[in-house]
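Student: I am new to this structure. Please pick a single part, look at it closely and explain the terms as you go.

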Amino acid sequence: MKDKLIQAYEAMKSGDFTSSLVKETVEELKAFPRNEMGVFDMSAVSGNVYEAGGYVYPVYMLYETKVNGKKGYMDLMAQLRALSPRYDHEMSLENAAYYLDMMVKCIDAISPEIYEMYRELIDMFRGRMKGALVMAQGQHGAAVRSIGASVERACNMDIILAEKYIDIAKALQEA
């Protein structure tokens, strides 16, 4: 399923929203079982909910933004809200990298016209980013580089101040 999500995401990023791959992937995604908090059971994608979310939620968000008239935004936001406090209890360098990647991709996919939700995603990202930067200081490895890449992307998207964070992002990517 992970490969299918990657292909669907890439197809939509290149402007293909009507292919059978995109439609099938989104139908499968929406059919995922849910836990008691209403969050998708994404174990078919990855055992790490934040890694899985980095594949699932950007696809879902892009589809809802470009194809489905934003009808699924309430569901999406409810799921992301439910994951946010869970992350606070499961914070690790790896989870931080996955979480920031997931959030920056979702922010990139949501319509800024729905300002309250757009702003809420930005606030979620910013709040968790600061803790991730503290954890990443002096560390090395793929998770640190991923955190740096997410922070740089956020700078480029004007989610955070590039003047303040771009050098930190670049240093992390070299770690």
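Tutor: A residue is called buried under 20% relative accessible area, exposed over 50% and partly exposed in between (1.4 Å probe, protein chains only). This is a predicted model, in which local features need pLDDT of at least 70 and side-chain atom pairs pLDDT 80 or more, while totals for chains, interfaces and linings use all residues. Residues are numbered from 1 along each chain, and side-chain values use heavy atoms, without hydrogens and water.

The part chosen here is the loop between α2 and α3, together with the helices on either side of the loop. Helices are DSSP runs (H or I, at least four residues), numbered from the N terminus. Ser46 sits in the loop that runs between α2 (20-30) and α3. With a relative accessibility of 11%, Ser46 is classed as buried. Contact in what follows means heavy atoms within 4.5 Å. Once residues up to four places away in sequence are set aside, Ser46 touches Glu51 and Ala52. The side chains of Ser46 and Glu51 are also joined by a polar contact of 2.6 Å; that term stands for a pair of N or O atoms within 3.5 Å, one able to donate a hydrogen and the other to accept it, and residues adjacent in sequence count only if both atoms are side-chain atoms.

Phe32 belongs to the loop between α2 and α3 as well. Its relative accessible area is 11%, so Phe32 counts as buried. Not counting residues up to four places away in sequence, Phe32 touches Met1, Phe40, Asp41, Met42, Val45 and Val56. Gly127 makes a contrast in position: 95 residues separate Phe32 and Gly127 in sequence, and their C-alpha atoms are 28 Å apart.

Now to helix α2. Its buried residues include Val22, Thr25, Val26 and Leu29. These residues span an arc of only 95° around the axis (taken from the directions from the helix axis to the C-beta atoms), which puts them on the same side of α2. Among the elements that cover the buried residues of α2 are α1 (2-13) and α3.

Two of these residues can be followed one at a time. Thr25 is in helix α2, and with 0% relative accessibility Thr25 is buried. Beyond its neighbours within four places in sequence, Thr25 is in contact with Met1, Lys4, Leu5 and Ala8. Leu29 is also a residue of helix α2; it is buried, and its relative accessible area is 0%. With neighbours within four places again left aside, the contacts of Leu29 are Met1, Leu5, Phe40, Val56, Val59 and Tyr60. Met1 lies 28 residues from Leu29 in sequence, yet the C-alpha atoms of the two are 9.2 Å apart in space.

On the other side of the loop comes α3, which meets a further helix. The axes of α3 (residues 49-66) and α5 (residues 93-109) come within 8 Å and cross at roughly 5°; axes are lines fitted to C-alpha atoms over the stretch in contact, with angles from 0 to 180 degrees between N-to-C directions. The two helices are therefore roughly parallel to each other, a label for angles under 35 degrees. From α3, the residues that take part are Tyr50, Glu51, Gly53, Gly54, Tyr57, Pro58, Met61, Leu62 and Thr65, and they meet Asn95, Tyr98, Tyr99, Met102, Lys105, Cys106 and Ala109 from α5. Sorted by class, this contact has 10 nonpolar, 4 polar and 2 charged residues. Ala, Val, Leu, Ile, Met, Phe, Trp, Tyr, Cys and Pro count as nonpolar, Asp, Glu, Lys and Arg as charged, the others as polar. Glu51, the partner of Ser46 in the polar contact, is thus found on the α3 side of this contact.

One residue on the α5 side deserves its own account. Met102 is located in helix α5 and is buried, its relative accessible area being 0%. Apart from neighbours within four places in sequence, Met102 is in contact with Tyr50, Gly53, Gly54, Tyr57, Pro58, Leu80 and Leu83. Between the C-alpha atoms of Met102 and Ala52 the separation is 8.8 Å, although the two residues are 50 residues apart along the chain. Ala52 has already appeared above, as a residue that Ser46 touches.

Technical notes
Angles under 35 degrees count as roughly parallel, over 145 as roughly antiparallel, 65 to 115 as roughly perpendicular and the rest as oblique.
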